[in-house]
Amino acid sequence: MPLLSVLDTLSLSPLSGGLDLTLILLSVLTSAFTAAFGAGGGVLMIMALAQVMPAAALIPVHGMVQLGSNVGRAGMTWRHLDRATLLAFLPGVALGALAAAWLLIRLPAGMLELCIAAFVLFTLWGPGLPGRALGRLGTLIVGAATTLLSSLVGASGPVVAAFIKQRQEGRLAKVATFSACMVAQHLTKAFVFGAAGFVFHDWLGLILAMVAAGFVGTWLGLNLLKRLSDRRFDDLFRLVLTLLSLRLAWLGAARLWGG
């Protein structure tokens, strides 16, 4: 029996078995990437999913896979978690989720991507956020804004990562706090899209398989992270976020002006 026929009989979603397997392997890669370099795996994942998945399933399935991946990372690094930042972030997540559930007016296609890219690039290369923006109110606002953006464009990780970078010292603290914040953010998508009528059951097998693969990727990525110096981690972290932001800006411009 041809390999593709065998894979199709083992399909875990409305996609073919071959695509399911490819996405499971991709989950290992993207989870390892985020664990090692601090961010970026979620953006890579949603870009890949967008090539093969129906638009209606893209953001909710991506959100559940990223929820599982971040639960694994947060669990493996919880000793380094900045609980004060997480507690300040959570009320914003709730507000952003409520706004996403009731939002009726949307920005033109591409504008959100450009806004995200501009914010991240400013945070990375600008004069730095003022101290007031890094306080409890600023953290709450970032939590609300990024949760709203995450429900609309799928991957707000670069924005959250850029913000966490300014608040945290040490690579493990950055990864732990970022992962915990993203757990809260992705968890809201189960309620937002469930209330909107999305049927998660059709995709549950693939989601669970990708989450399990993500645990493997996280373990691999954290082992690589421990071998990086703080200076090397910061340089790679900045480079990854810059490249992702430029890519996001290019996509946003293409959507905004390309029609």
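**Exercises on burial and nonpolar cores**

In helix H8 of this predicted model, the buried residues are Gly-157, Pro-158, Val-159, Val-160, Ala-161, Ala-162, Phe-163, Ile-164 and Lys-165.

**Exercise 1.** Determine how many of the residues of helix H8 are buried.

*Solution.* The criterion comes first: a residue counts as buried when its relative accessible area is under 20%. Applied to residues 157-167, this gives nine buried residues of 11, and H8 is mostly covered. One of the buried residues, Ala-162, is also included in a second, separate core of 24 residues, along with Phe-89, Leu-225 and Phe-233.

**Exercise 2.** Describe the largest nonpolar core and identify the helix that gives the most to it.

*Solution.* The largest nonpolar core has 28 residues. Within this core, the most contacts belong to Leu-23, Met-53, Val-61, Trp-203, Leu-206, Ile-207 and Met-210. Next, the contributing helices: H2 (17-37), H3 (41-52), H4 (55-77), H9 (171-195) and H10 (204-225) each supply at least two residues. Among these, H4 gives the most, with seven residues.

**Exercise 3.** List the residues that Leu-206 touches, leaving out those up to four places away in sequence.

*Solution.* With that exclusion, Leu-206 touches Leu-12, Ser-13, Leu-15, Asp-20, Leu-23, Ile-24 and Met-53. Of these partners, Leu-23 and Met-53 are named with Leu-206 among the residues with the most contacts inside the largest core.

**Exercise 4.** State the helix content of two segments, 12-36 and 237-257, which an unreviewed UniProt entry places among its transmembrane regions.

*Solution.* Residues 12-36 are 80% helix and 0% strand, with end C-alpha atoms 29 Å apart. For residues 237-257, the chain is 100% helix and 0% strand, and the end C-alpha atoms lie 30 Å apart.

How values were computed:
Residues are numbered from 1 along each chain as its sequence is written. This is a predicted model: local features need pLDDT of at least 70, side-chain atom pairs count only at pLDDT 80 or more; totals for chains, interfaces and linings use all residues. Side-chain values use heavy atoms; hydrogens and water are left out. A nonpolar core is a set of buried Ala, Val, Leu, Ile, Met, Phe, Trp, Tyr and Cys residues joined through side-chain atoms within 4.5 Å. Buried means under 20% relative accessible area, exposed over 50%, partly exposed in between (1.4 Å probe, protein chains only). Helices (H or I, at least four residues) and strands (E, at least two) are DSSP runs, numbered from the N terminus. Contact means heavy atoms within 4.5 Å.
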